[in-house]
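Got your viewer open? Let's take a walk through this chain, one selection at a time.

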Amino acid sequence: MFTRHLNLDKFMRSLRGAVVYGDDDDELRRALILTVRRITDRELTSRQKEVMDLCFFGGKTLTDAANILGKNKSTVSRHLSAARDRIEQALKYTGLTRL
């Protein structure tokens with residue numbers, strides 16, 4: 001069975017046109033994770049936050065998240081996509097990425 005886990009590297013590559021400065025820099029990675037957490041807390045809807053907490057911060061697959069939330073996998077995927085779009089917009093202003 002194929003499972004997909006969302007991690008920082010995959011997440012950053014999934015942002016359209018994202019180029020992360022210093023991919024090997026642990027300090028930058030920590031800063032990105034903290035920034036994504038802040039954006040998640042401040043900018044996303046409650047459902048988008050739940051999906052990000054499960055898939056990004058919690059390492060759950062889309063299927064696992066759908067089962068936990070009692071939602072269809074495609075619904076969870078749409079929430080994750082919307083969260084990604086919002087985070088992409090917010091990251092443009094952080095100076096941590098070039099979008």
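Start with helix α4 and helix α5. Select Leu62, Thr63, Ala65, Ala66 and Leu69 in α4, then add Lys73, Val76, Ser77 and Leu80 in α5: these are the residues through which the two helices meet. Keep in mind as you look that this is a predicted model. Sorted by class, the contact of α4 with α5 has 6 nonpolar, 2 polar and 1 charged residues.

Now show both helices as ribbons, residues 62–69 for α4 and residues 73–91 for α5. Their axes come within 8 Å and cross at roughly 105°. At that angle, α4 counts as roughly perpendicular to α5.

Stay here a moment and pick valine 76. Which residues does valine 76 touch, leaving out those up to four places away in sequence? They are Val51, Leu62, Ala65, Ala66, Leu69 and Lys71.

**Next stop: helix α3**

One of those neighbours, Val51, takes you to α3, so select residues 46–57, where Gln48, Val51, Met52, Leu54, Cys55 and Phe56 are buried. Go just past the end of α3 and you'll find glycine 59, with a positive phi of about 70°.

Bring α4 back into view beside α3. The axes of this pair come within 9 Å and cross at roughly 130°. That angle makes α3 oblique to α4, and the crossing is right-handed. To light up the contact, choose Arg47, Glu50, Val51, Leu54 and Cys55 on the α3 side, with Leu62, Ala65, Ile68 and Leu69 on the α4 side. By class, you're looking at 7 nonpolar, no polar and 2 charged residues.

**Into the core**

In soluble globular proteins, nonpolar side chains tend to be buried together. Here, the largest nonpolar core has 18 residues. Which of its members touch the most others? Select Val51, Met52, Val76 and Ile87 to see them. Two or more core residues come from each of α2 (26–43), α3, α4 and α5. The most come from α5, which gives 6 residues.

Zoom in on isoleucine 87, in helix α5. Buried or exposed? With a relative accessibility of 0%, isoleucine 87 counts as buried. For a distance to try in your viewer, go from the C-alpha of isoleucine 87 to the C-alpha of arginine 37: the two residues are 50 apart in sequence and 9.7 Å apart in space.

**Over to helix α2**

Show α2 together with α5. These helices pack at an angle of about 115°, and their axes are 10 Å apart. As α2 passes α5, the crossing is right-handed. Select Thr35, Val36, Ile39, Thr40 and Glu43 in α2, and you'll see them meet Arg86, Ile87, Ala90 and Leu91 in α5. The class count for this contact is 5 nonpolar, 2 polar and 2 charged residues.

**Zoom out**

Finally, display the whole chain and colour it by secondary structure. How many helices and strands does the chain have? There are 5 helices and 2 strands. Trace them from the N terminus and the order reads α-β-α-α-α-α-β. Of the 99 residues, 35% count as buried. Among contacts with a separation of 6 or more, 61% join residues 24 or more positions apart.

Notes: Residues are numbered from 1 along each chain as its sequence is written. This is a predicted model: local features need pLDDT of at least 70, side-chain atom pairs count only at pLDDT 80 or more; totals for chains, interfaces and linings use all residues. Side-chain values use heavy atoms; hydrogens and water are left out. Axes are lines fitted to C-alpha atoms, for helices over the stretch in contact, and angles run from 0 to 180 degrees between N-to-C directions. Helices (H or I, at least four residues) and strands (E, at least two) are DSSP runs, numbered from the N terminus. Angles under 35 degrees count as roughly parallel, over 145 as roughly antiparallel, 65 to 115 as roughly perpendicular and the rest as oblique. Contact means heavy atoms within 4.5 Å. Ala, Val, Leu, Ile, Met, Phe, Trp, Tyr, Cys and Pro count as nonpolar, Asp, Glu, Lys and Arg as charged, and the others, Gly among them, as polar. Buried means under 20% relative accessible area, exposed over 50%, partly exposed in between (1.4 Å probe, protein chains only). A nonpolar core is a set of buried Ala, Val, Leu, Ile, Met, Phe, Trp, Tyr and Cys residues joined through side-chain atoms within 4.5 Å. A crossing is left-handed if the near helix is turned anticlockwise from the far one by less than a right angle, and right-handed if clockwise.
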